[in-house]
Amino acid sequence: MKKLIITLFIIHFSTRFIFILWNGFYNNYKLQPDSIWLVEFGLKNAANLNFNFELPRFVVSPLFPSLVGMLNIVFGKNWDVLLIIIQLLLSSLSGVYIYKIGALLFNNKVGIISSFIFSIFPHTLWYTNTFSQECIFQILFILSIYYLIKSIKKNSSYFVLLSSVFFSLSYLTKSHILLFLIFIPIIYFHFYGLKKQTFVYSFLFVAISFIFSIPYGTYTLKNHQQYILSSNGAGYQFYLGNTEAGYKTIVDPPDRHTYEFKKLQDITNTAGYFNGSQKYYDSILSLPQKEKQLIFFKEGINWIKSNPKKFIELKLYNIVFFLIPGVSWRHYNFSIWFFSFLSSLPIYLSAYYAMFKLLKNKNKNIIFLFYIFISMLMFSLVWYVQNRFRTITIEPFYIIYAAYVFTHVIEKKIPALNKRLTRMIGDEISK
């Protein structure tokens, strides 16, 4: 088994290293616009022990810029090389834990197939050497889910502790995953009912998650008069997803060759233009964090009240775009959209089929994917659909459940491959 783990790590390391060479070792900013200001927060603020990560729009989650700052302190001008290596190693480790989750939920065969798919799935490679939160968030959340499953399979508070620690680091990297926290007690209830494990494990998980918020929370309370768990962008994101700016982005984007489309591409700076007054939007941005987030939320509510038909239409589009694989054809050229759609379609269809079958059969192994799915659906409906959030959060688990379907197909339709996989797994276990 140890040899299998090492082999899987080498495979994932190889595919990601090849991608980095193809993409450019120092091409660390082009694939994610947020990379520039995230790194600036690290080099200019965190490296000087200043943890004020405030954008005009909201306060940023602290883990990634803090990591950049720490690497800059320790390694100086070579911090970027170390960050690329760290992300490469962590991304490779993700593939190992995809195998472990597949094996834990189903069997080793499912684990191996899911890990192999993960090693070549284009969307998993995309952020390997991009300086952004995505790569690090993904491995942290995968680890959290792995230990969450293990805490239930082993009935162990130790694994609850590990799961909550990695979950805490996840939400300190990208705060949208805090939505998943509300389902932790429900997940434990599914397995333990009203027994003490449900209450003890849920309390332990939530308590550890809160404890991890204290350093940044107390800092933001002192500097912004708000106790911020990770990021306070919920009000702003609600505004962006529930106003004319969101409607234009999702439902009715202008022609891709127009001036308006160029402005739409920079929506975080031009939302006021689409919402009727850039001057008013800029005036909100100039307010203290405690005030502006509430105003952003109220602006979204007012638009919903004034545009009920558009609101319903917008939410229906959000559901469709959440369910359909690939990037949006409204914002990418045809070739990029078609490749992303085609490469993801078998994974999505198989994962949806697995969800349906396992739910129908009341198989509790579906519970973990189901509540991740519900969390991301809530995020897409209440705020707005962002495919990059979906890619790093739920697609790794779609791959595992799709592999569950693929395994059954292989066992029934491709006996030679099934026999070879069975022999390989048996040899590894015996070692």
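Is V385 buried or exposed, and at what relative accessibility? Hold that thought for a moment, and I'll come back to it.

First, what we're looking at. This is a predicted model, where local features need pLDDT of at least 70, side-chain atom pairs count only at pLDDT 80 or more, and totals for chains, interfaces and linings use all residues. Residues are numbered from 1 along each chain as its sequence is written, and side-chain values use heavy atoms, with hydrogens and water left out.

Okay, confidence. pLDDT is the predictor's confidence in each residue, on a scale from 0 to 100. The protein averages 93, and 98% of the residues score at least 70. Confidence peaks in helix α8, residues 157-171, at a mean of 98. It is lowest in helix α23, residues 415-430, where the mean is 68. Where pLDDT is low, the predicted coordinates should not be read in detail.

Now the overall picture. What does the secondary structure come to? There are 23 helices and 0 strands. Those are DSSP runs numbered from the N terminus, with helices being H or I of at least four residues and strands being E of at least two. The radius of gyration is 22 Å, close to the 22 Å that the globule rule gives for 431 residues, so the protein is as compact as a globular protein of that length. For that one, the radius is taken over C-alpha atoms, and the rule is 2.2 Å times the number of residues to the power 0.38. Along its principal axes, the C-alpha trace spans about 70 × 50 × 45 Å.

How much of it is tucked away? Buried residues make up 55% of the 431. Here buried means under 20% relative accessible area, exposed means over 50%, and partly exposed is in between, using a 1.4 Å probe and protein chains only. As for the outside, the protein exposes about 19,600 Å², and carbon and sulfur atoms supply 67% of that. Those areas come from the Shrake-Rupley method with a 1.4 Å probe, and for residues only the protein chains shown count as cover.

Then contacts, meaning heavy atoms within 4.5 Å. Take the contacts with a separation of 6 or more: residues 24 or more positions apart account for 73% of them.

And charge: there are 41 positive and 18 negative side chains, and the centres of the two sets lie 13 Å apart. Lys and Arg count as positive, Asp and Glu as negative, while His and the chain ends are not counted. Each charge is placed at NZ of Lys, CZ of Arg, CG of Asp or CD of Glu.

Right, back to V385. At 10% relative accessibility, V385 counts as buried. You'll find V385 in the loop between α20 (367-382) and α21. Leaving out neighbours within four places in sequence, V385 is in contact with I250, N318, F321, F322 and S380. The C-alpha atoms of V385 and L179 are separated by 15 Å, with those positions 206 residues apart along the chain.

Move on into helix α21, residues 387-393, and you reach T391. T391 is buried too, with a relative accessible area of 11%. Again skipping neighbours within four places, T391 contacts H123, Q138 and P396.

Next, P122, in helix α6, residues 122-125. P122 is partly exposed at 23%, and beyond residues up to four places away it touches F339 and S343.

Which residues does L43 contact, leaving aside its neighbours within four places in sequence? They are N48, V68, N72 and W79. L43 sits in helix α2 and is partly exposed, at 30%. The C-alpha atoms of L43 and S66, 23 residues apart along the chain, are separated by 8.9 Å.

Now some loop residues. L49 is in the loop between α2 (35-45) and α3 (63-75), and it is exposed at 63%. Its phi is near 60°, a positive value in a residue other than glycine. N155 has a positive phi as well, about 50°, and it is not a glycine either. N155 lies in the loop between α7 (134-153) and α8, and at 37% it counts as partly exposed.

Last stop, S286, in the loop between α16 (278-285) and α17 (289-306). S286 is exposed, at 60%. How far apart are S286 and R57 in space, C-alpha to C-alpha? They are 9.0 Å apart, though 229 residues separate them in sequence. That's my tour, thanks!
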